[in-house]
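Colleague: Walk me through this one, and tell me which cut-off sits behind each label. I'll keep asking until I'm convinced.

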Amino acid sequence: MSSVMPTYGRVDIAFTEGDGPYLFTLEGERYLDFTSGIAVTGLGHNHPHLVETLRSQAGALWHTSNLYLIPEQERLAQRLCDESFADLVFFCNSGAEAMEGAIKAARKYQSHVGKPERYRIIVFSGAFHGRTLATISASDSEKGQEGFGPMTEGFDRVAFGDADEVRAAVTDETAAILVEPVQGESGIFSATDDFLAQLRDIADEFGLLLLFDEVQCGVGRTGKLFAHHWAGITPDVMSLAKGLGGGFPIGAVMATKDAAAGMTPGTHGCTFGGNPLAASCANAVLDVLLGKGFLERVSMLGDRLRSEVESVSDHFPDVLESVRSKGLMLGMKCVCNNIALVDAMRTHKVLTVPAGDNVVRFLPPLTIQDEHIDQAISALHNACHDLSL
Ligand SMILES: *Cc1c(COP(=O)(O)O)cnc(C)c1O
């Protein structure tokens, strides 16, 4: 019997080593990892630059707290701002914590500009923002909320993609609009550029902040450094986590100077946030992602992966219904049970992640080669063949 609290439905396999897109069991069985630890290990496993960075930082200094300047954190914040809409960054350790920070920043902003009655946030159907009390309240999951009540007050949910509903939901108490530019957990749903632009307009018209949750879709996953770069509009606040540290836990809340005006000394904090180990790893991830042609390549690989998956899907209409994707964030809506496909893929030695809407996700490392796409597609073909009647 495991002494770990059974909050996860785990598969009974343990991996002891990784190499690029591959994971190995103790017995030496090799699996192609198209989960990336749920969009975390974007550079694959054991990336030499990440390993060397962590080794060298581990030999110098681990942790000092935010009582003191942390040079690696300063550099990371500067680089994230240089590459985005943001002027300021707050560091924490996870996606839920980054979302808590974003929600707090939105409330604080309204209070700071003399509108403390504006505390409510418009959120969407299918949203996932984390597992803390405020973020389960913002998320659209009955199972995630059940038995944990009362929920945190102040979230108003409307249909994802419907700008008219958003406009109609704005009241004198609305502080912000919170959206994932690409919804991950609910099954890979991209907001259209037009929808994001309309949210920007509504936020500007009513004095609201626009918050983007890029915890899953950010950090190169869609073929741009940030997913909203495809849409050509910017938020006021954005959360990051998953891919940022390449496997080392780190989260970030990025904001414009205006949006963060209320976040003054003593208003928010995090003991571990952006410590030397985490910040160095995130800087190493950026070194690779910002390299010449890297993100363009992610985009091209994403196009190829999608068209190959589509042709398998055309072949097996009794197993796969449709394919949705942005860059290397891909969802296959299944006709069969999605868990059956995840299991079948695993017997063909490829790891995938289930999502809502009966979807199976491919979230491969951003560093994959064409041969890894070939291997995944051949496994998908075989798995569909197994499941086809
Ligand atoms: C995973 C995820 C979170 C929560 O991140 P944790 O690190 O698990 O707390 C929040 N928002 C989105 C969009 C996510 O995919």
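Modeller: Let's start with polar contacts: a polar contact is a pair of N or O atoms within 3.5 Å; within protein, one must be able to donate a hydrogen and the other to accept it, and residues adjacent in sequence count only if both atoms are side-chain atoms. Keep in mind that this is a predicted model: local features need pLDDT of at least 70, side-chain atom pairs count only at pLDDT 80 or more, and totals for chains, interfaces and linings use all residues. Numbering starts from 1 along each chain as its sequence is written, and side-chain values use heavy atoms, with hydrogens and water left out.

Colleague: What makes the ligand and Gly-95 a polar contact?

Modeller: A ligand oxygen is 2.8 Å from a polar backbone atom of Gly-95. That is within 3.5 Å, so the pair qualifies. Ala-96 also offers a polar backbone atom, 2.7 Å from a ligand oxygen, while Lys-242 uses a side-chain N or O atom at 2.6 Å. The protein covers 81% of the 380 Å² of accessible area that the ligand has on its own (Shrake-Rupley method, 1.4 Å probe; for residues, only the protein chains shown count as cover).

Colleague: Which residues are around the ligand?

Modeller: Near means that a heavy atom of the residue lies within 4 Å of the molecule or strand. Those around the ligand include Ser-94, Phe-128, His-129, Glu-180, Asp-213 and Lys-242.

Colleague: How many of the shell residues are nonpolar, polar and charged?

Modeller: Three are nonpolar, five polar and three charged. Ala, Val, Leu, Ile, Met, Phe, Trp, Tyr, Cys and Pro count as nonpolar, Asp, Glu, Lys and Arg as charged, and the others, Gly among them, as polar.

Colleague: How do you know that strand 10 and strand 11 pair?

Modeller: Strands (E, at least two residues) and helices (H or I, at least four) are DSSP runs numbered from the N terminus, and two strands pair if DSSP finds at least two bridges between them. Strand 10 (209-213) and strand 11 (237-240) have three bridges, in the parallel sense, so they pass. Leu-211 has Val-237 of strand 11 as its bridge partner.

Colleague: Why are strand 4 and strand 6 called edges?

Modeller: The seven-strand open sheet is mixed, in the order 4-12-11-10-7-5-6. Strand 4 (88-92) and strand 6 (155-158) each have a single partner strand, so one side of each lacks a neighbour in the sheet. From one strand to the next, the twist averages 20°.

Colleague: What is the order of the four-strand sheet?

Modeller: It is 13-14-17-16, open and antiparallel. Strand 13 (320-326) and strand 16 (353-355) are the edge strands, each pairing on one side only. Strand 16 and strand 17 (359-362) are joined by three bridges; since at least two are needed, they pair.

Colleague: Which peptide bond is cis?

Modeller: The bond joining Gly-149 and Pro-150, with omega at about -5°. Pro-150 is in the loop between helix 6 (142-145) and strand 6.

Colleague: What is notable about the phi of Ile-188?

Modeller: Phi is near 60°, a positive value in a residue other than glycine. Most residues other than glycine have a negative phi, and most peptide bonds are trans. Ile-188 lies in the loop between strand 8 (182-183) and strand 9 (189-190).

Conventions
Axes fitted to C-alpha atoms, helices over the stretch in contact; angles between N-to-C directions.
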